[in-house]
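Reader: Got a minute to go through this one with me? I'd like to start with the helix packing.

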Amino acid sequence: MTIITWTFALIAAVLSWIAWQRSPAVLVGGWKAGLELLLTVLPLMILSLGISQLAQALIPKDQITQWIGQESGWRGVWIGSLAGVLAPGGPMIVFPMAAGFLQAGAGLGTLVAYVTAWSMWGARIIMLESALISPRFALFRFLSCVFVPPLAGGIAHLVFARFFK
């Protein structure tokens, strides 16, 4: 287990103790709601991990390295940015996909651009902003941050990649 897993276990234990102090029903209700959520997102996580591993198995490693690996440079950053825009769904899909890309040999710049583009440019966000706020707002926000994902990916590639192995 990693330090992150141990940290989450500690937080869960502390919160469980606090819930128990309030009422055993609060403890049971909280864990029941958590398990229900797990059952909802588990199929998505399994499918996204399966897709990323199948893609990794089907695409030759040298092509992955060439297109999105550390040596791909700006091409990988732009591919990561585009993939982030097109990535469907929320974090339960995108982060397992990013983990699969990392395992397949994706470079740091590509991954940073992918996650940043997904969080800032994602089609789902632009559609929701257009519908709930206004299309003009969505356009102006997009234009205001259009260079952020490639810039973040480029900085990660040029400055931090040597520390990321």
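**Helix packing and a few residues**

Author: Sure: H4 crosses H6 in a right-handed way, where right-handed means the near helix is turned clockwise from the far one by less than a right angle, and left-handed means anticlockwise. Bear in mind that this is a predicted model, where local features need pLDDT of at least 70, side-chain atom pairs count only at pLDDT 80 or more, and totals for chains, interfaces and linings use all residues. Residues are numbered from 1 along each chain as its sequence is written, and side-chain values use heavy atoms, with hydrogens and water left out.

Reader: Which residues make that contact between H4 and H6?

Author: From H4 there are Gly76, Val77, Gly80, Ser81, Ala83, Gly84 and Val85, and from H6 Gly109, Thr110, Ala113, Tyr114, Ala117, Trp118 and Trp121. Contact means heavy atoms within 4.5 Å. By class that gives 8 nonpolar, 6 polar and no charged residues; Ala, Val, Leu, Ile, Met, Phe, Trp, Tyr, Cys and Pro count as nonpolar, Asp, Glu, Lys and Arg as charged, and the others, Gly among them, as polar.

Reader: And at what angle do H4 and H6 pack?

Author: About 30°, with the axes 7 Å apart. The axes are lines fitted to C-alpha atoms, for helices over the stretch in contact, and angles run from 0 to 180 degrees between N-to-C directions. H4 and H6 are therefore roughly parallel, given that angles under 35 degrees count as roughly parallel, over 145 as roughly antiparallel, 65 to 115 as roughly perpendicular and the rest as oblique.

Reader: OK, H2 and H5 next. What are the angle and axis distance there?

Author: H2 and H5 (residues 91-104) pack at about 25°, and their axes are 8 Å apart. That makes H2 roughly parallel to H5. The crossing of H2 and H5 is right-handed. Among the residues in contact are Leu44, Met45 and Leu49 of H2 and Met92, Ile93 and Met97 of H5. The class count for H2 with H5 is 10 nonpolar, 6 polar and no charged residues.

Reader: Switching to single residues: where does Ser72 lie?

Author: Ser72 is in the loop between helix H3 (61-68) and helix H4 (74-86). Helices here are DSSP runs (H or I, at least four residues), and strands are too (E, at least two), numbered from the N terminus.

Reader: Is Ser72 buried or exposed?

Author: Buried, at 8% relative accessible area. The cut-offs are under 20% for buried, over 50% for exposed and partly exposed in between, with a 1.4 Å probe and protein chains only.

Reader: What does the Ser72 side chain reach at 2.5 Å?

Author: The backbone oxygen of Gly69. The Ser72 side chain also reaches the backbone nitrogen of Gly76, at 3.4 Å. Not counting residues up to four places away in sequence, Ser72 touches Thr65, Gln66, Trp67 and Thr110.

Reader: How about Thr116, buried or exposed?

Author: Thr116, in helix H6 (residues 108-121), is buried at 16% relative accessibility. Leaving aside neighbours within four places in sequence, Thr116 contacts Trp121, Val148, Pro149 and Ala152.

Reader: Last one: where's Val26?

Author: Val26 sits in helix H2 (residues 24-58) and is partly exposed at 41% relative accessibility.

Note on methods:
Polar contact = N/O pair within 3.5 Å; in protein donor to acceptor, adjacent residues only side chain to side chain.
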